[in-house]
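Okay, thanks everyone, let me put this one up on the screen. I'd like to walk through one sheet and what packs on it.

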Amino acid sequence: MKKTPDTNTTLENAGLSPEDQLLFSNARPRAYEPYPIKAIEDFANWARANSLWILAFGTGCCSIELRPLMTARFDASRFGVAGRPTPRQSSVFIIGGYVSVKTLKRIVRSYEQMQGPKFIIALGSCPANGGMYFDSYNTINQFDLYLPVDLYVTGCMPRPEALLGAILELQDDIKAGKCDGANRYVEHFDEYKANQKKVIKDWNMPDYNW
Amino acid sequence: MSELLDRLVRDFGVTEITERSPAITTLKVSREHGECLIRELRDREGFTHLNFIACTDWIEDGIFRLIYMLHNYASRQNLGVHIDIERDNAEMTSIHTLWAQAWTYQRELREMYGINFPGSPRLEENFCLEGWDDMPPMRRDFDTVKYSTERFGHREGRVSLEPRDHMKVLLYPNRGGDES
């Protein structure tokens with residue numbers, strides 16, 4: 001796994017006032033480095049795959065599919081999936097449908113606060129290619145320009161079965177050590193940040209929300 | 001109701017009275033008399049509830065049409081007051097002194113159409129859009145497809161199919177999509 005190119009430089013935090021800049025960290029994010037012994041890393045991945053905690057953040061209409069996922073019929077807790085109220089406690093961010101610019105700002109802020117390893121499932125057509133809102137002045141068309149996506153679920157909207165299938169597939173990928181979205185974010189941090197700032201015009205938060 | 005309408009014609013120069021359904025009547029009034037008329041309806045005639053304020057962009061006529069929908073709880077009548085204002089430098093008297101909730105509508109109209117309501121609270125603040133730096137998006141001369149493509153890009157490989165033509169090809173493959 002590659003290391004970050006320029007770990008030593010700091011972030012500008014130009015969106016904050018000089019007083020606020022003192023209150024926020026200006027350190028760059030660091031990539032996750034796996035355990036040197038493969039057996040331990042595999043065990044850690046197995047543990048991660050079976051304790052996927054979803055951030056309770058519904059961005060669009062697809063997030064309505066998260067509700068039946070947790071109740072009796074589909075019961076995702078069979079697979080160690082649970083809902084969590086805060087970003088600090090969760091490891092999976094499900095982008096439920098269309099993402100408006102206003103929401104994107106909150107998504108970035110929440111995603112960066114999540115502790116690694118963290119994964120993103122993009123649910124529905126809208127994060128993939130704009131979906132039925134492709135011509136809207138206020139919804140983004142390609143979510144992976146702004147944050148790294150580990151898994152897409154297509155459909156408008158996908159059934160809970162599809163989402164359950166996606167969770168199982170995500171588990172397989174995590175166990176195989178293939179989900180490195182968070183590390184991709186760190187490696188290409190400047191590109192992602194430039195894309196985010198291109199659409200979020202009133203950037204009044206730190207460049208990286210620790 | 002007709003008595004009231006007659007009086008409104010006499011006192012406020014109301015025109016284009018249309019009964020759209022037994023419960024909804026609309027009328028048109030000039031911009032200068034608009035606020036007086038709404039105040040009169042609220043204070044004297046029992047139209048105490050403001051359903052909504054809406055706006056339509058009549059770009060061909062160069063006007064915005066504001067629609068104030070009022071409701072009378074006693075007679076269960078809705079009265080839509082249409083007010084045409086100039087599209088350029090659009091401005092209208094604020095009615096936030098009549099209904100406090102009106103300023104939320106007025107903020108939205110300001111953001112989506114660029115209509116100014118002098119004196120309305122928090123008018124300059126962001127409402128739905130944050131950091132918007134272009135023409136107000138609900139104006140009809142705003143090209144939303146162009147804006148979206150320039151700002152948010154276009155995913156390669158995305159195709160749009162006309163449902164009717166697409167289904168014809170699927171249903172009648174032997175006839176080259178010919179329905180007959």
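Quick bit of vocabulary before the sheet itself: I call two strands paired if DSSP finds at least two bridges between them. And keep in mind that this is a predicted model.

So, chain B. We've got an open sheet of 5 strands here, with mixed pairing, and the order reads β1-β2-β5-β4-β3. At the edges sit β1, residues 15-21, and β3, residues 49-58, both of chain B, each pairing on one side only. On average, neighbouring strands in this sheet are turned by 20° against each other, ignoring direction.

Now for the helix. α2 of chain B, residues 31-43, packs on the sheet, and the strands it touches are β2, β4 (63-72) and β5 (77-86) of chain B. Its direction makes about 160° with that of β5(B).

Let's go back to the β1 edge. β1(B) and β2(B) make a hairpin, with 2 residues between them. The two strands run antiparallel, joined by 4 bridges, and β2 covers residues 24-29 of chain B. If you want to find the register, B:Glu19 stands opposite B:Thr25 in β2(B), and B:Thr15 stands opposite B:Lys28.

And how many of the 7 residues of β1(B) are buried? The number is 0, so this strand lies largely in the open.

That's my tour of the sheet; happy to rotate the view if anyone wants another look.

Terms used
Residues numbered from 1 in each chain as written. Chains lettered and ligands numbered in written order. Predicted model: local features only at pLDDT ≥ 70, side-chain atom pairs only at ≥ 80, totals over all residues. Axes fitted to C-alpha atoms, helices over the stretch in contact; angles between N-to-C directions. Contact = placed C-beta atoms within 7 Å. Buried ≥ 20, exposed ≤ 12 C-beta atoms within 10 Å, placed from the backbone.
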